Amino acid sequence: MAEIDDHTFQEDDHRAAYVSNPLSDGTAAVPSAGAAPRPAKRRRVSAKKEVVNGRSEDQTSGPVDVGFLPLFNGQESPGAVKLRGELFETAWPVLEGRIQNVLREANRNTLDEVSTFLRAAEGEKGKIPAGFIITGPNIASQDLLFEQLAETLCKGSQTRFVRLRSAEAPNLKAALKKIIRDATVRVAGDDEEGDDVEVSVGQDGRKYLDYDLEALHVSLKLQQSGRVIVAFQDSEAFDNGLLTDLIALFHSWHDRIQFSLLFGIATSVELFQARLLKSIARHLFGAQFDVVQAGSVLDSVFKSAVAGSHALLRLGPSLLRSLVERQQDQVAGIQVFISSLKYAYMCHLYANPLSVLLADDAHINRELLQPEHIEAVRSLESFKTHVEASVEARQLSHAQSLLDDDDYLAEQILEQNQKRRDYLVQLLRSLHLIAATGLISTPFTDLYVTALSEGIDLTSEKASVLDPLRRLGPNEIVSLIHHLLNAIEIGSPELDLQGWGPDADELVASLAEIRDEVEALVERAKDSRKTLKSKYSAQSRVLRTTVVAQKVQLSRDTATLTDEDREFTEAIDRLADLFSRSVNCEPVTSRFLHEAWVYDSKSPYRDVFVPRPGTTLSRALSRPNDYLGCACCSKANGTVTATMPTTAVLYHLYLEAGALINVADLWSAYYALVSDESDIGMDERTALVHFYRGLGELRAMGFVKQSKKKADHIAKLKWI
Amino acid sequence: MTNALFQLPDELVLTTLAQAFPCRDSQIRALATLLHPSAAPCRNLVLYGTEATGKSAITTALLEKLETDDVDNEGPSLKFAIVSSVECITSRHLFESIVGKAAAALSWDRAPSKCETVSQLAVELSKMLKYTSRSESFRFVLVSDGIDRQREAPPTLLPALARLSEIIPCLTTVFIVTSPPANFLRTSFVPHIHFPNYTKAEFVTILATDPPVALPNTTAQETADLWARFAAAVHDALARAASRTLPSVKHACSALWPRFTAPILAGTHAPREFSKLLVAARVYFHDERLLDPGIVALAVPAPQPTSNGTNPTPAANGTAPLLPTTPTQTLKAAAAPTTDLASLLPTTARLLLLAAYLASHNATRHDLVLFSTHHHGRRRRRGGLSVGVGRGRGRSKHRKIARKLLGAHAFVLERMMAIFAAVRGEWDAKFLESGGGEATDAADVGMAIATLASLRLLVRVGGAQAGGDPMDRGGKWRVNAGWEVVRGLGRSMGVEVEDWLIE
């Protein structure tokens, strides 16, 4: 089939630099890239038919074999390739569904508020109800919200919902057309884009102009439906005049058509109000609604998709940190985070042959592991550390077998699956317990990233949980233990962590014991009319002031501890000890074979999501030989030589020039470099052709432009 | 019934109307005389006056009365159509609305064809009115409401409409306008009826017709008396300066009433002690902010008036059904102003916006002084407005307006990027920590600029006709955020923007 041929990638497609060589008469400025025939133009041949057929084919053969190539230089077995493909195909949709759920859940509150408001505002006479929804500057995430709004508000009631985007409504007529069409088409039923005639002809045969709201009025009357909700998705981008006109028009029709407005506002209501005329603002009866802030949405998406036990792949700490920082510093919405996540999954499962080890035990067995897999494992950093550690620990035979015996190693590898799961459960349980104490204010994302990179060790200096814990009073200790027991019992639905009461009998028993003890102590202290305190609490040291002979004396006094207090201190010590013993975890990099299930590489992510075209261009132009790899320019270390491509030569000259460049001067400088006396000896006409071409390319890349200030000059555009 | 030559419409009609629209008696009578078929019907009639003086409402009510009133004598002798220009997007739309409304009023059954120009309008109307046999006394009244505000109106529109009645004798055209220029219809002798704004006494009379619900510990009569005196006081305090029209006076009254009567509710003053109440509520009468029609009526707590026009006790009625949502909203607003621009925009976008503000409000020649670190380790900065004006008043020969008070100037994108690059290291602590690795042309920066542009905080100057790529470094831009916003934004990052502005 010819189409299959079209889908395979050409050799040239993924090279770092593509060398174009239009001047075939070889002036040696550009090395010949080989006389490869021009690749066939990729055309979409009968795309529609393919889709129709593709459905059934996908089910049988699976979409797996589309993109996944055998690795190990093609030595990878088809079974392993297929498994990797299947892993991706099963893991990602599950995760994506969960993320969508989280996002939808996050908007629920806003939706309820908006619909309550609109329902309540129906009785408002002479004013248009207007909901101002503060969505934040991320336009991509507004779509979901407005989709949900449309679903919620249209449900059951006879309501028409029209979404307006600024791009679709450049002027009043276009906006009205869109409103009328959207509000009437949905009534007409499923025939998409029902023909305009039907819309615009009323019952008495009168034809309406397509921007005449009378048509809408008639159609609504026929349908006996009440209200029309118009949502301005990006209200900032609408023209002031257009908004004013529309609101005035809606107000004038308000006695016949019940309009309600919704505005998606990215900045603030005050700024929005400042744009409206006061006479127009008077027509609105508004309420302000906040969408859940991006930070908390990120937190819940993170919990369910990155940290949660459903996530197949673990993202490494450094990648995660850069992802989270990007969310805070840049205009990158949650959508970018999700696609970054997907990209990480793709990268890992597509390019890492060891990712087959992520499959569950039913799918992976000894046969699947080829000699290449074994060898790849032996070259891992974590393998080395593991072997070194076992040598240190005097398990020489174990180390020996790991190095020599393939079968032994394969067994070890297969065992790692369970170990990985145990590790993750321990990690999540520890994090959940720490969060349950409520003693630290670090957001969960930071906590998780730190735990991955440095592990959790409460006894170390850096951990800041135990100190506040020791300083707690008796009642707080009791409630803390209560929280902990609760956390163990219930687990965390956000993290997909089930309660682990049965697994932690000992911990639960000891916690309950300490709680009972503290409660008993409180009772005893109450009987003796004293407040219970420990030696850690701040009151243990008292500053005393005594006035003796008109002099103030300060003295530090160590408050004496009663027996109860001492017992309480002991209980706290035991609790801290218990807590630090049960909450611990080692850094992920210390795990054997973590390379198979942790993806922590920033570079393809940065290249894809944060490209830097300007820097790349200027670097390529200033050092072209790094990309071309030609011998002739290799000695030019950042300086200009005649053998460079013309554009690069001109770029060097351009960098030396001022704001306005005289083209004649540029030409003479260029010609002096490449003329007959130089190494390449170009004649004037060829040089002129090259010069013009190079200048044209510079202009196309946005470095220069025609200047109006001076004849025969070009203006420099890029300075940094 | 004899066909008297001149007969005014039924007195009953006029008195009921006069009761419905107080203080407009003379206008109603004049209008009735000039419209009624058996009185003195005229061809064209201009009603003018500022907004909210009852022009449209009285015309509509009167015409409805006249139409039904005539039914019992000798068949319908008056029909009317009212076309509001606000609802007509183009002049064609206006013409088709006129034809449509007229056909509906006359129960004309033939489907009208399209009507694009004034001449077609004349043809259509003639078909309906002139070439159909009607009784002799039949009049058709066509009311063009707000015709001076018609969009895309051709210059001949008004004169042409005025001429329609020359072609069609039984037609009366009524123009409702705000303030007509002299001879704007280009035809002689058009009667005008002026609807002047209300005087103080009239305002009080009108407001007194609609007293609020009786206060808890007073009688209805006491409340009504208090309301009338209160309305007069509000008029004296605010009407001349801030709210001249009836709706805005009503709005002011309804906004002030709950505050004014708070002492009565609290039991400290009796409703008769008007002057004491007035003294207690004196502050509010000074405060014109209360008259600002805020678009957010609910989320804001006490100081913002709930602005719902006619209802005198908005706080009670307007928000009552919304109680479940209101407390949460106010709580949220009180707890954390998350909707602040500073907390919404991420760091890079904020920095870019500040850089754009500096680029817009500083002259290019000062850039070297402000942003160069070449000669000094520290930058030489000069104080902004506060220093310059305070000291320089005596010295300066010619007074200059502070640059930031003038509008924002356009700047070249490259200049903003340069300022951004210069300023970033100093303002963004995190950027310095990371070693300043990121270039200014990374995709994230471009995305931030695009976002700011879509929020209209940055505006491309020259727009579409300037053409070209929005990321073109030579493109001209202008900042569209005000001083207050930018200062708040700067402070959110620990930057005092004033220090970076040179007059």
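1. A good place to start is the salt bridge that joins the side chains of A:Arg282 and B:Glu51, at 3.7 Å from N to O. The term stands for a side-chain nitrogen of Lys or Arg within 4 Å of a carboxyl oxygen of Asp or Glu. Across the interface of chain B and chain A, the rule finds four salt bridges.

2. A word on conventions: this is a predicted model, where local features need pLDDT of at least 70 and side-chain atom pairs count only at pLDDT 80 or more, while totals for chains, interfaces and linings use all residues. Residues are numbered from 1 along each chain as its sequence is written, chains are lettered from A and ligands numbered from 1 in the order in which they are written, and side-chain values use heavy atoms, with hydrogens and water left out.

3. On the contact (heavy atoms within 4.5 Å) between the chains, 63 residues of chain B meet 67 residues of chain A. Together the two chains bury about 5,700 Å², with 58% of it on carbon and sulfur atoms; buried area is the accessible area (1.4 Å probe) that two parts lose on being put together, summed over both. Of the area that chain B buries against chain A, 12% is supplied by B:Glu87, B:Ile295 and B:Leu344, more than any other three residues.

4. Away from the interface counts, you may like to look at A:Ser460, in the loop between β7 (456-457) and α19 (466-470) of chain A; helices (H or I, at least four residues) and strands (E, at least two) are DSSP runs, numbered from the N terminus. A:Ser460 lies 66 Å from A:Tyr670, C-alpha to C-alpha, with their positions 210 residues apart in sequence.
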